[in-house]
Amino acid sequence: MQSNKSSTPLEFIIIDSDRDTRTDLRHHVEAQGFKVLAESTDFESVLQFVQGLAPDVVLLELPAASTDPMELINAVRTELPNAGVIVTATDPSPQLILSSM
């Protein structure tokens, strides 16, 4: 699978609060031949990463209740309408799962 940027591999950013999870995700993404542009725990900088790096895929762990999950997902989708957004959550509600699809 290739990105739309000529024949380069898909480019990812990883946003997750857990260091071990980020490391595992990076390993699995890179093992498939894809490129990780950046990783972070900072949910406030998600949009800066998205705007500045323009990844093909955003792996996004939903933050704690202090941030509206759908607002964050919609902001990423608005900024990069052609990018894939893969959402993870430790305790997702059924409503959140349905609304994020």
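Helices (H or I, at least four residues) and strands (E, at least two) are DSSP runs, numbered from the N terminus. On that basis the chain of this predicted model contains 4 helices and 4 strands. Read from the N terminus, these elements follow the order β-α-β-α-β-α-β-α. Residues are numbered from 1 along each chain as its sequence is written, and side-chain values rest on heavy atoms, with hydrogens and water left out. Because the model is predicted, local features need pLDDT of at least 70 and side-chain atom pairs count only at pLDDT 80 or more, whereas totals for chains, interfaces and linings use all residues.

Some totals describe the chain as a whole. Of its 101 residues, 37% are buried, where buried means under 20% relative accessible area, exposed means over 50%, and partly exposed lies in between (1.4 Å probe, protein chains only). The chain exposes about 6,200 Å², and carbon and sulfur atoms supply 52% of that area; accessible areas come from the Shrake-Rupley method with a 1.4 Å probe, and for residues only the protein chains shown count as cover. Contacts (heavy atoms within 4.5 Å) give a further total: among those between residues at least 6 apart in sequence, 67% join residues at least 24 apart.

Strand E1 offers a starting point for the local description. It comprises residues 11–15, and 5 of the 5 are buried, so the strand is largely enclosed by the rest of the structure. Glu11, Ile13 and Ile15 point one way from E1, while Phe12 and Ile14 point the other way, and all are buried.

E1 pairs with two strands, E2 and E3, under the criterion that DSSP finds at least two bridges between the strands of a pair. E1 and E2 run parallel and are joined by 5 bridges; the bridge partner of Glu11 in E2 is Lys35. The path from E1 to E2 passes through helix H1, and this β-α-β crossover is right-handed, meaning that, with the strands pointing away from the viewer, the path from the first strand over the helix to the second runs clockwise. Strand E3 (residues 57–61) also runs parallel to E1, through 4 bridges. In that pairing, Ile15 stands opposite Leu60.

Helix H1 and strand E2 are also linked through side chains. A salt bridge is a side-chain nitrogen of Lys or Arg within 4 Å of a carboxyl oxygen of Asp or Glu, and a search of the whole structure finds 3 of them. One is formed by Arg22 and Glu39, whose closest N and O atoms are 3.4 Å apart. Arg22 lies in H1 (residues 19–31) and Glu39 in E2 (residues 35–40), so this pair ties together parts that are 17 residues apart in sequence. Arg22 counts as buried at 11% relative accessibility, whereas Glu39 is partly exposed at 27%.

Arg26 takes part in salt bridges with Glu30 and with Glu39. The closest N and O atoms of Arg26 and Glu30 are 2.8 Å apart; both residues lie in H1, 4 residues apart, which is about one turn of the helix. Arg26 is partly exposed, with a relative accessible area of 25%, and Glu30 is likewise partly exposed, at 38%. Between Arg26 and Glu39 the N to O distance is 2.6 Å. Here Arg26 lies in H1 and Glu39 in E2, so the pair ties together parts that are 13 residues apart in sequence. Through shared partners, the salt bridges join Arg22, Arg26, Glu30 and Glu39 into one network.
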